[in-house]
Amino acid sequence: MSSDRLFVYGTLMRGFDHPMARLLAGHAEFLCEATCHGRLVLVKHYPGLLLSDAPTDIVHGELFRLRVAGELLRELDMYEACGEGFPEPTEYLRQLVDVARADGAPEKAWTYVYNWPVTGLPRIESGRFLER
């Protein structure tokens, strides 16, 4: 299964002055704010998403429609240092996850899930990277 949707929750969100955020903004359409079930941890100056089944674990982010999904996802995979050619285990894994649009409608979207140990990393309790 594939998708042209991408859920972002950190430095790729709108308003970040980062080359990859600008690349995403230029090659994707912002659809709405969205959420997924998970927890955020602060890795360094960026967050990591840990998926969760707990209904109270909510991560807030943004949902985009990628115009040329395959090409853009390859670029983002390079930025996130995951996929072919990167030593295992990679820091992030790109996964299709269930997200809820701002109106509550469900979607499947790609996102980057944190894949390294989280011992000692502070949790972002609000689930919002911008409110850390």
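Here are some short exercises with worked solutions on a predicted model.

**Exercise 1: the overall fold**

Find how many helices and strands the chain has, and in what order they run.

*Solution.* Start by counting: the chain holds two helices and seven strands. Next, read the elements from the N terminus, which gives β-α-β-β-β-α-β-β-β. The radius of gyration is 14 Å, close to the 14 Å of the globule rule for 132 residues, so the chain is as compact as a globular protein of that length. For the extents, the C-alpha trace spans about 40 × 35 × 30 Å along its principal axes. Then look at burial: 42% of the 132 residues are buried. Finally, turn to contacts with a separation of 6 or more; residues 24 or more positions apart account for 68% of them.

**Exercise 2: the buried side of H1**

Work out which residues of helix H1 (residues 19–27) are buried, and what covers them.

*Solution.* First, pick out the buried residues, which are Met20, Ala21 and Leu24. Their arc around the axis is only 105°, which puts them on the same side of H1. A general point helps here: an α-helix has 3.6 residues a turn, so residues three or four places apart point the same way. Last, look at the cover over the buried residues of H1, which includes strand E1 (5–8), strand E2 (28–42), strand E4 (58–66) and helix H2 (69–80).

**Exercise 3: two pockets**

Describe the largest pocket by its volume and its lining, then do the second largest pocket in the same way.

*Solution.* Begin with the largest pocket, whose volume is about 290 Å³. It is lined by 17 residues, and those closest to its centre are Thr11, Tyr46, Tyr79, Glu80 and Tyr92. At least two lining residues come from each of E1, H2 and strand E6 (106–114). Sorted by type, the lining of the largest pocket has ten nonpolar, five polar and two charged residues.

Now move to the second largest pocket, with a volume of about 230 Å³. Of its 13 lining residues, Met13, Glu33, His60, Gly61 and Arg128 lie nearest the centre. Here E2 and E4 each supply at least two residues of the lining. By type, the lining of the second largest pocket comprises five nonpolar, three polar and five charged residues.

**Exercise 4: backbone geometry between H2 and E5**

Locate the cis peptide bond, and find the sign of phi at Ala81.

*Solution.* Keep the background in mind: most residues other than glycine have a negative phi, and most peptide bonds are trans. Step one is the bond between Glu88 and Pro89, which is cis, with omega about -10°. Pro89 sits in the loop between H2 and strand E5 (92–101). Step two is Ala81, whose phi is near 55°, a positive value in a residue other than glycine. Ala81 also belongs to the loop between H2 and E5. To finish, check its accessibility: Ala81 is partly exposed, with a relative accessible area of 29%.

**Exercise 5: the setting of Val99**

Decide whether Val99 is buried or exposed, and list what Val99 touches beyond four places in sequence.

*Solution.* Place the residue first: Val99 is part of strand E5. Its relative accessible area is 5%. The cut-off for burial is under 20%, so Val99 counts as buried. Leaving out residues up to four places away in sequence, Val99 touches Phe7, Thr35, Cys36, Leu63, Ala105, Pro106, Glu107 and Ala109. As a last step, take a distance: the C-alpha atoms of Val99 and Asp4 are separated by 13 Å, with these positions 95 residues apart along the chain counted as their separation.

Definitions and conventions: Residues numbered from 1 in each chain as written. Predicted model: local features only at pLDDT ≥ 70, side-chain atom pairs only at ≥ 80, totals over all residues. Heavy atoms only, no water. Buried < 20%, exposed > 50% of the residue type's maximum accessible area, 1.4 Å probe, protein only. Helix = DSSP H or I, 4+ residues; strand = E, 2+ residues; numbered from the N terminus. Arc of directions from axis to C-beta. Contact = heavy atoms within 4.5 Å. 1 Å grid on protein atoms, 1.4 Å probe; cavity = no way out; pocket = protein on both sides within 12 Å on 5 of 7 lines; lining within 4 Å. Points joined across faces, edges and corners; volume = space filled by probe spheres on them. Nonpolar A, V, L, I, M, F, W, Y, C, P; charged D, E, K, R; others polar. Rg over C-alpha atoms; globule rule 2.2 N^0.38 Å.
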